[in-house]
Structures are given as C-alpha cells and as structure tokens.
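Work through the exercises below with the model open. Try each task before reading its solution.

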Amino acid sequence: MKINYIRLVGYIGIYNGMGLEDIAIDFSKSKYKKVVIKGANGSGKSTLTKALHVMPDSNSSLIPTMECRKEITLTNNDIMYNIQIIHPITSKGERGQTKAYIQKISGGESIELNPNGNIRSYKDAVFTELNLDPNFIALSQLSGENKGLASLKPADRKRFVNSIIGNISAYNDLNKSFTKKANEFRAMRNSIISKIDNLGDVDKLNIALNSINIKWNMLTKEKEDILQAISSEKTKINMLDEDNKIQDKFNIVSNNVNIAKRNLQDLNKKLAKESSKFNCDISKESLTEFHTHLSNQELELLSDININEQKVNSLLNDREEDAKRLQELSGKLKGLESNSNNKDKLKSLIEQTKLDVNSYSKTISNMKIKDINNISKEEFILALDSLHDIEEMVSNLKASYNYDLFNSALYYIENGLQVKTEWDSEILESSKLLECKKKEYIDLSNLKSKISILDSRPSKCKIDSCPLIKEALDIQSKYSNLDNDIIELSNTITSLEIQVAELRKSKETSYETNRCKSDIEMLIRCIDRNATIIRKLIVDEKFLDTARILDILNDNNIFNELQTIYSYIDAANVIDYYKTSVEKLKDYTNEYNILEQKEFITDGIVEQIKYTQSKFDEINKTIKECNKIIVDNKNTISTNKSVIIDVEYILSLYEEIEKNEKLKEDMLNEFETIKNSMKSIKQSVDNIDMLTNRLNQVNKELVPLNNEKDKVQHAIKLLIEYQEDLKVYNEKYELIETLKKYSSPTTGIQTIFINLYMNKSLSLANKLLQLMFDGKYVLCQFVINDHEFRIPCMGSGLLNDDISSMSTSETCMISMILSFAILQQASTDYNILILDEIDGGLDTHNRLTFLNVLEELINMLNVEQCFIISHNDEINLKDCDIIMLKSNGQYSNIDGNVIFKY
C-alpha cells in the first residue's frame, strides 16, 4: 500500500518552518520506495512525518485559530482510498469535535465507509478495510527520541507488549464455559451407558463380521481378477486398433499397394524412353560415373578459361605499359633532337639541388625511417597515427582491466573459445528454488510455533482429542523430525544463497572477461591492419607481434621511443621535399649527361623503340590465341550442359524407382501386420463377452453381502464410540478443573504469551543486529516473569544485564531493531515506515551499516514506502525520491528524483 497524495492545512510546524498554511505533495511522481525529506532545522520535517498516517493528529500540532484538515489518498493494487480528517472551529472560536471520512473507489465504483464522520467508527472502518493492526502506526513511526522498549520500566514493557498481542479476556469466557459444561457431562454419561447395553457384546459382533469378510474378500478378489482380465483384453484391442479404424487402414494399404505397382510401371516406361537417347542400355552406376566425368570436365574447362582470362588481362596491362613506353621513348627522341638547354645552367641547378638533398637527409635521419624511398609523407603520418591509436588502446585496456583478466581473455582468444554469457536462466532457476525453499522454511517454522503450545500442556493430561492441542498433536505426529527438517532446509537455503551469489559473480566475471576479450581482439586487429605501414618506421618489433600482446600491455616504457618521432610530425613535408629534390637531381644529371652524349643516346633510343614495338606486336598475337581458347572452351561447356541435364533426369528416374520399390515392400509388410491384428482383436472381443457375464454374477452376490457387512460394522463402530465417549466423560470434570486453572489470567497466562511472542522476535532481531556495530552485540534470552522484564545483551564477551544500561546510541539502535522485529508480526497491508533521524546518534561507520539494516527491513516487510528524515550524507539519494522543504540553499545541487520543492 502507498500514499499517493497528502495535503495538510493549518499545521503549526509547517507554518512556523516555511510560512505555509496549506501544503500539498503529489507522491504519484515517485519512482522509488525510499522518500527522503530534506530541509533546514525547524523547516517542518518532523511535523510532516508525524502526519504521514491515516489517524487524526493531536490538536497541539495545529494552528489554534483556524479550521485544520488532513487529506490523504492511498492506493492498494486497484483500490483507492480518499481520507479527510477535519478539525473544525466552533462559533466561540474553540476547537470543535474532530470528523473523519474514508471513501473507497474500486472498479469505478465509489463507497463512503464512514458517512457520519465519527472518529470511533472511522477507526473501526480503517482497521478493517486496510487490514491495519492498531499498534502498527506506533511501531512504524520511530525517531531518535523514541527508544521503544529500552526506556520503559518492566511493568510498562509488559503492558506495551501485551497491548500488541491483544486482549486475553477470551480465557475468562472459557473459564465460565467450562463450569457450565460440568453438569452437562454427568447427564451425558448415564445416556451412553444405556446405549451400550442395547447394542450387545462386541466379540460376537466381530465373529459375525469376520465370517462375512471372508466370503466378501473371495468375491472381491474374483471381481478384481475379472476386471483386470477385461482391462488386459481391452488394452490388447487398443494397442492393435488405437483409433477404431483398422478396417479403413486395411482398405487404404491395399489400395496404396496397387498405386505403387502402377507408379513403378510408369517410371520404368519413362526410363526406357530416356535411355534410348544414348542408343544403349546404361546402368545407374555407369550413368553416375559419366555424370561425374562431365562435371569434372566442366570444372577443368572453367579453370582453363579463368587462366586464359587472367593471362589476357596481364597481357593487356603489359601492352598498355609498352604503349606508354613507346610514347615516352618517342618523346625523348624528339626532345633530344630539339633540346637546346644550356649546359652551364644545368650544372648550377645540380649543385644547388645536391645542397637541398643533404639538408633534407639530416632531418630525415632523425625521423626513425627505415627506407626513405619506401615511404611517403602520408604513410609516415598514417604510421604515427596508427601507433598513437595502439598506444591509446593499450592505455585504455590498462585502465580498465587487471593482469588476471588479461590472462583469462587471452586464453579464450588463443584457444578460439567463446566466453559463456548465458547465466540468466541458471540464476532464475536457482532463485526460484531458493524462494521455494524459503517458503517451505517459513511453513515449517509456523508448524513448529504451533507445536510449542504442547510445552504448556500439563504432564498428567492424556486427552489427545482436546481441540486446544489437537492441531499441535497432528502436526507433531505428521512431522516426526521437524527440527531436523528445519535445520536441513536452513542449510539448503544457505547453500542456494551461496550458489545464486556465485552464479551472479560468474555472470559479472564472464561479462568483464568477454568485454576484455573484445577489446584485446580489437587491439590485435588494429595491429595486424597497420603492421605493414608501421614496419616502415624503425620501431620495436614487439608492436607487431600479437603473440606478445601481454608484454605490450605490461611494458610501461614501450611507447617512449614514439615521443622522439612525434616531434617530427610537423616536418613530414620534408619527405616529399627530399624525394622531389632527389628526382630533380636525377633529372638534371640525366639531362646533363644527355647533352654530353647526345649522339650515343639517340641511337640507343631508336633500338629501344624497335624492341618495344616488336614486343607489342607479339603480345597482340598471344591475346588473340588466348581469346580463341576461351571461346572454344565455352562452346564445349554449353554442349556438355545439355548432356548433363539428360543424365541427371535419368538418374532421378532411377532414384524414384528405388524409392517406390521400397515403399511397395513396406506397404506389403504393413498389409500382413494388419491382417494378423484383426484376427487377434476378434479373439479378445470373444474373451471380454465371457468375462463380462461372470462379472455380472459376482456383483449380484456382493450386494446383499455388503448390506449385511455395513450393519455389523456400524454396530461395532457405535459400540466403540460409546465406550470411548464414556471414558472421556468420566475424566471431564478433572480436565475442566485443570483448564479452569490455566485459562485464568491471574495464574500466569499473560507471562506465558509474552514469552512466546517475544521469543519469536528474538531471532529476527539478532539477524538485523549483526549488520550493526560490526556484529559484536547479540541479544540473549528475555527474562520475563511476574516481577521482571529484562532484555540482556552480550557484547565483546561481556553481558549487559539490560539494554537500558548501554550507551545512548547502542540503546537507541537496539531498541529500534526490536521494534522492527515486533513490527514484522504486526505487519499488514498498510506497510509504510516513518523514520525521523533514527541514525542521528551513530558514527560514520554505523550510519553506513544502518543503511544495510534499512534495506533488509524494506525487503523483509515488503515495505512499499519508507519516509526518512536524516542528516546522514552517506545516503545514496540517486535511488530516492526527494521532498525539499526550506533549506537556505545548502541542498541546491542534490541528486535524486525531486517530487516536491519549497
């Protein structure tokens, strides 16, 4: 159940804190179970939390001079409740009688549950409709000032717990009832003795019943044998004819045999017709061999076509190169004939270019380039960028994963294995089993609690049929090893909890390993992709060896060498300048030499032109020959394809004939099976008719025998019951006197119930206390009697006689945990918690562990809303809804889902 809306009008704490007479908060904006109320001291936080319930508030919390009201909307699944509590002002200016109304809305229908507005009838309606324990509000609204049981005297503690477990006045009513029953039992005894005399002797009745049973058993045994025989025959029939259509199956199979024979005749005619195309009788084996030969021949021809096409493409490229070479040689020859460059000018250009080349060479030697002729400016920049990417990826991997995770991921990569990622089904299956076992544990614990009433049973009591203890005795009889079952279930639950935790941890480890594996594979791909370009720089080969990837990830100095190269990235143009200058120097030198040896070069170029032209003509001839081979092979393939189609069709006919032959044989076998089954069915039908006749005769003999048996058994049963009743009524007076003693509230019944109630809370309280104060405190068995109500506590080996003698923070938190444990037994559909600075007296460590106690409590009680006032800065507000009251700006940057802001 949740509060969806609240409006407070005329609350003095809200008015003093924020100057507001009217405040409304819409909780439908909530996203989380925890609602944290923040604000400065005196801003009205406590006033708001004390009003977050369905009961009327004290007049002391209201502005005296105005009519005040509280409006609350609750939702419970599909049901909505609208509550109005009005504190009116009379004509004399005095506070009038408080009125309260509750409206229920369900399925679109609205009902007013308290139309008269009276507070008493309103409380009855609220407690009934909301299934609300009257003590739940007091138990669920805890604060640092309200220490619960710790600050109470022993008598007050007993009254507090007694008020929680309810009134025991029912035992006084029982005492009066037992006194009245004593007289009735004496009259009943005389009536039973008279009935026993009328029924006769039980031994004679048993002898008669035994004789009847012998004959009845013989007939019953014969009837069972007959029924079993009939069932056996019907089973045979059902096995042979499951759907009562065996005759139809016989006709269908017979027809199918004839169809299969006709299909075989048609297929053999088609086979003979197609085989005549080859002018010979060809077997399936020879056809298969011929088909394989044609297919292989087609592959060889295609391979030959591919080789010749590749050869033609290569020759075309060579021809294009020769054409370019002819054009280039012709141009040079023309240039030599008309060249008029100045020889001195070329010599000056050569000297200047040599100076440029030497200058660029000095810079390039520092740029860590293996071979300047094997790298361009763009490749140099690309290589550096690639190394930078690898460095960045390695840094990211180092920051994200540890050494063991690297090793695990590399193992999967090296062995070609996939990381397991599907864990959810295993976790879900184990979690479901865990929840099932927990439910079994709760059921057994409840049974054990019911059995505990036997501890208060008087030692002389021998009446197992007593309605007060009968259920406990039945449970004790059914569950003979209940304690062992509970211990075994507890161990199983612990084992399953460990298993679920390990599965979730394995899921997380697998996810991290898979992510690490993907990142390492991405790094390896990056290295492999850029290996060629990186090798053009003088760098450590470790970069390029993916087998040593773990060394790269663990070597912190491997990238130091790159810093020197990076300093020259802006000078990358020097590479182009150097290459351009080298080319210019080569061209200038060549031109200079040409001018000196012009006459010799001209003759050489002419010879080169002749040689290249001859080579060009030879290539054209070869291309023509290759093209002819390609055309011939394609024609042959086209011819073979037609033959292959015919062969494949004939082979398909062979396969169809074989399939039909097999089908025909199977149907003939089925035909014989059905014939035999029909003979067996007829024999079983005859046997059933004979057995049915005998069964009718046996049933006729059993009818009068059963009537006589029932009469004798009824007489014996009545006689035994009357004798047992007589024994019970003879002991009733003593039993009633005993019950009168234990049903009286004056002889310790309150103390017994308080002990039982508080002991149920002790285990849960200690479970929650383990989460606080480093788990060093344990509550001991409560000491509860007519004069005492102590709560001892053991800590660090020392025993505190009562928690009231411990420190303020320890007393506050232990008392709060006891209230939580008692609250679990009082928890209802209205499961809303209010905590007002409950952790104020704790240090930083225990404030953090207090959050764990709070989360455990929310899950344990299925709390849907928990309102918290806390100055604990350790609370993770990202998972909370926030109500911001007046704050003077100190919470301006707060995280969380803010649903109200002043």
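Helices and strands here are DSSP runs, numbered from the N terminus; a helix has at least four residues and a strand at least two. The model is predicted.

**Exercise 1. Take stock of the fold**

Task: State how many helices and strands the protein has, and what share of its residues count as buried.

Solution.
- Step 1. Count the elements: 22 helices and 17 strands.
- Step 2. Turn to burial. The protein has 902 residues, and 37% of them count as buried.
- Step 3. Check the contacts. Take those between residues at least 6 apart in sequence: 74% of them join residues at least 24 apart.

**Exercise 2. Place an unusual backbone angle**

Task: Find where asparagine 77 lies and decide whether it is buried or exposed.

Solution.
- Step 1. Locate the residue. Asparagine 77 sits in the loop that runs between strand E4 (68-76) and strand E5 (79-87).
- Step 2. Read its backbone. Phi is positive, about 60°, although asparagine 77 is not a glycine.
- Step 3. Apply the cut-off. Exposed means over 50% relative accessible area. Asparagine 77 has 74% relative accessibility, so it counts as exposed.

**Exercise 3. Describe a helix pair**

Task: Describe how H13 and H14 pack, and name the residues that make the contact.

Solution.
- Step 1. Choose the descriptors. Two packed helices are described by the angle between their axes and the distance between those axes.
- Step 2. Read the values. Helix H13 (residues 424-451) and helix H14 (residues 470-478) pack at about 125°, with axes 8 Å apart.
- Step 3. Classify the angle. H13 is therefore oblique to H14.
- Step 4. Give the handedness. H13 passes H14 in a left-handed crossing.
- Step 5. List the contact. H13 contributes Leu447, Lys450 and Ile451; H14 contributes Glu471, Ala472, Ile475 and Gln476.
- Step 6. Sort by class. The contact of H13 with H14 has four nonpolar, one polar and two charged residues.

**Exercise 4. Follow the loop after H13**

Task: Which element or loop holds lysine 462, and how far is lysine 462 from leucine 735 in space?

Solution.
- Step 1. Lysine 462 is in the loop between H13 and H14.
- Step 2. Its relative accessibility is 66%, so lysine 462 counts as exposed.
- Step 3. Compare sequence with space. Lysine 462 and leucine 735 are 273 residues apart in sequence, but their C-alpha atoms are 9.6 Å apart.

**Exercise 5. Sort the salt bridges**

Task: State how many salt bridges a search of the whole structure finds. Then say what parts of the chain the pair glutamate 497 and lysine 438 links.

Solution.
- Step 1. The search finds 16 salt bridges.
- Step 2. Glutamate 497 and lysine 438 meet through their side chains, at 3.7 Å from N to O. This pair links distant parts of the chain: glutamate 497 is in helix H15 (residues 482-534) and lysine 438 in helix H13, 59 residues apart.
- Step 3. Check exposure. Glutamate 497 is partly exposed at 37%, and lysine 438 is partly exposed at 30%.
- Step 4. Take a pair within one helix. Arginine 515 bridges to glutamate 512, with the closest N and O atoms 3.0 Å apart. The two are three residues apart in helix H15, so about one helical turn separates them.
- Step 5. Add aspartate 801 and arginine 790, which meet at 2.8 Å, N to O. Aspartate 801 lies in the loop between strand E13 (798-800) and helix H21 (808-826), and arginine 790 in strand E11 (residues 789-790), so the pair ties together parts eleven residues apart in sequence.
- Step 6. Finish with a network: salt bridges link Arg7, Asp22, Glu67, Arg69 and Glu71.

How values were computed
Residues are numbered from 1 along each chain as its sequence is written. This is a predicted model: local features need pLDDT of at least 70, side-chain atom pairs count only at pLDDT 80 or more; totals for chains, interfaces and linings use all residues. Side-chain values use heavy atoms; hydrogens and water are left out. Axes are lines fitted to C-alpha atoms, for helices over the stretch in contact, and angles run from 0 to 180 degrees between N-to-C directions. Angles under 35 degrees count as roughly parallel, over 145 as roughly antiparallel, 65 to 115 as roughly perpendicular and the rest as oblique. A crossing is left-handed if the near helix is turned anticlockwise from the far one by less than a right angle, and right-handed if clockwise. Contact means heavy atoms within 4.5 Å. Ala, Val, Leu, Ile, Met, Phe, Trp, Tyr, Cys and Pro count as nonpolar, Asp, Glu, Lys and Arg as charged, and the others, Gly among them, as polar. A salt bridge is a side-chain nitrogen of Lys or Arg within 4 Å of a carboxyl oxygen of Asp or Glu. Buried means under 20% relative accessible area, exposed over 50%, partly exposed in between (1.4 Å probe, protein chains only).
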